[in-house]
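Subject: Structure handover

Hello,

Here is the structure I said I would pass on. My notes on what was found in it follow below.

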Amino acid sequence: MAKVTITLPQLSDYCEAKVETLVKEASIQLRNKLIEYSPTGEVNGGTFKSNWQPPIYRDKGLTGSIVNITQNYGEAITFGENMPPSWGGKFRSRFGLMAGWPEKLAGKDVKDMIPGIWSNILRRG
């Protein structure tokens, strides 16, 4: 582990910088997992998969958001919201995914990675 010497007044900034780094690295991992789990349709050949945008940071870098800019069916194929009438009110996935898969699969994977990411950040100093 790297040794870092800071004074007490520097503690807040130091910790905030480390958490900001954690948010950035975890957000990148989350985007990678969203792409990995995203279905690739037969008709459009991966438009949904390729439309995950890079993370957007707010709250001084302490919050990261990742969006998919697919216009048609984006909410339906991820969270089961705003489904087309042809789905009859039931979530459908030809890919074996469940409604809410971004949180249930990709989010869980990244949550499990956070202790390792944090250790790497502290090791770098």
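**Second largest pocket**

Helix H3 contributes four residues to the lining of the second largest pocket, the most of any element. Please keep in mind throughout that this is a predicted model. The pocket holds about 260 Å³ of space. Its lining is made up of 15 residues, and those nearest the centre are Trp-52, Ile-66, Val-67, Asn-68 and Phe-79. Three elements give two or more residues to this lining: helix H1 (11-37), helix H3 (74-79) and helix H4 (101-124). Sorted by class, the lining residues are eight nonpolar, five polar and two charged.

**Salt bridges**

How many salt bridges does a search of the whole structure find? The search gives six. Three of the pairs are described here.

The pair Glu-25 and Arg-124 has its closest N and O atoms 2.4 Å apart. This salt bridge links distant parts of the chain, with Glu-25 in helix H1 and Arg-124 in helix H4, 99 residues apart. Are the two partners buried or exposed? Glu-25 has a relative accessibility of 25%, so this residue counts as partly exposed. Arg-124 has a relative accessible area of 52% and is therefore exposed, the cut-off being over 50%.

Glu-36 and Lys-33 form another salt bridge, at 3.5 Å from N to O. Both residues belong to helix H1, and because they are three residues apart there, about one helical turn separates them. Lys-33 counts as buried because its relative accessibility is 18%, and buried means under 20%.

The third pair is Lys-108 with Asp-112, where the closest N and O atoms are 2.9 Å apart. These two residues are in helix H4, four residues apart, so the separation between them is about one helical turn. Lys-108 is partly exposed, with a relative accessible area of 47%. There is also a network: Lys-33, Glu-36 and Asp-109 are joined into one by salt bridges that share partners.

**Nonpolar surface patch**

Which residues form a nonpolar patch on the surface? They are Val-4, Ile-6, Leu-8 and Leu-11, and together they have about 350 Å² of accessible area. Leu-11 is part of helix H1. With a relative accessibility of 38%, Leu-11 counts as partly exposed.

Helix H1 therefore turns up in several of these notes: H1 is among the elements that line the pocket, holds Glu-25 of the pair with Arg-124, and contains both Glu-36 and Lys-33.

**Backbone in the loop between E1 and E2**

Two residues have a positive phi without being glycine. One of them is Asp-59, with phi near 55°. Asp-59 sits in the loop between strand E1 (56-58) and strand E2 (63-65). The other is Lys-60, where phi is about 60°. Lys-60 is likewise placed in the loop between E1 and E2. Is Lys-60 buried or exposed? Its relative accessible area is 63%, so Lys-60 is exposed.

Regards

Note on methods. Residues are numbered from 1 along each chain as its sequence is written. This is a predicted model: local features need pLDDT of at least 70, side-chain atom pairs count only at pLDDT 80 or more; totals for chains, interfaces and linings use all residues. Side-chain values use heavy atoms; hydrogens and water are left out. On a 1 Å grid over the protein atoms alone, a cavity is a set of points where a 1.4 Å probe fits but cannot get out, and a pocket is an open set with protein on both sides within 12 Å along at least five of seven lines; lining residues have an atom within 4 Å of a point. Grid points are joined across faces, edges and corners, and a volume is the space filled by probe spheres set on the points. Ala, Val, Leu, Ile, Met, Phe, Trp, Tyr, Cys and Pro count as nonpolar, Asp, Glu, Lys and Arg as charged, and the others, Gly among them, as polar. Patches are made of residues with over 30% relative accessible area and no salt bridge: like charges are joined within 9 Å, nonpolar side chains (Val, Leu, Ile, Met, Phe, Trp, Tyr) within 5 Å. Accessible areas come from the Shrake-Rupley method with a 1.4 Å probe; for residues, only the protein chains shown count as cover. A salt bridge is a side-chain nitrogen of Lys or Arg within 4 Å of a carboxyl oxygen of Asp or Glu. Buried means under 20% relative accessible area, exposed over 50%, partly exposed in between (1.4 Å probe, protein chains only).
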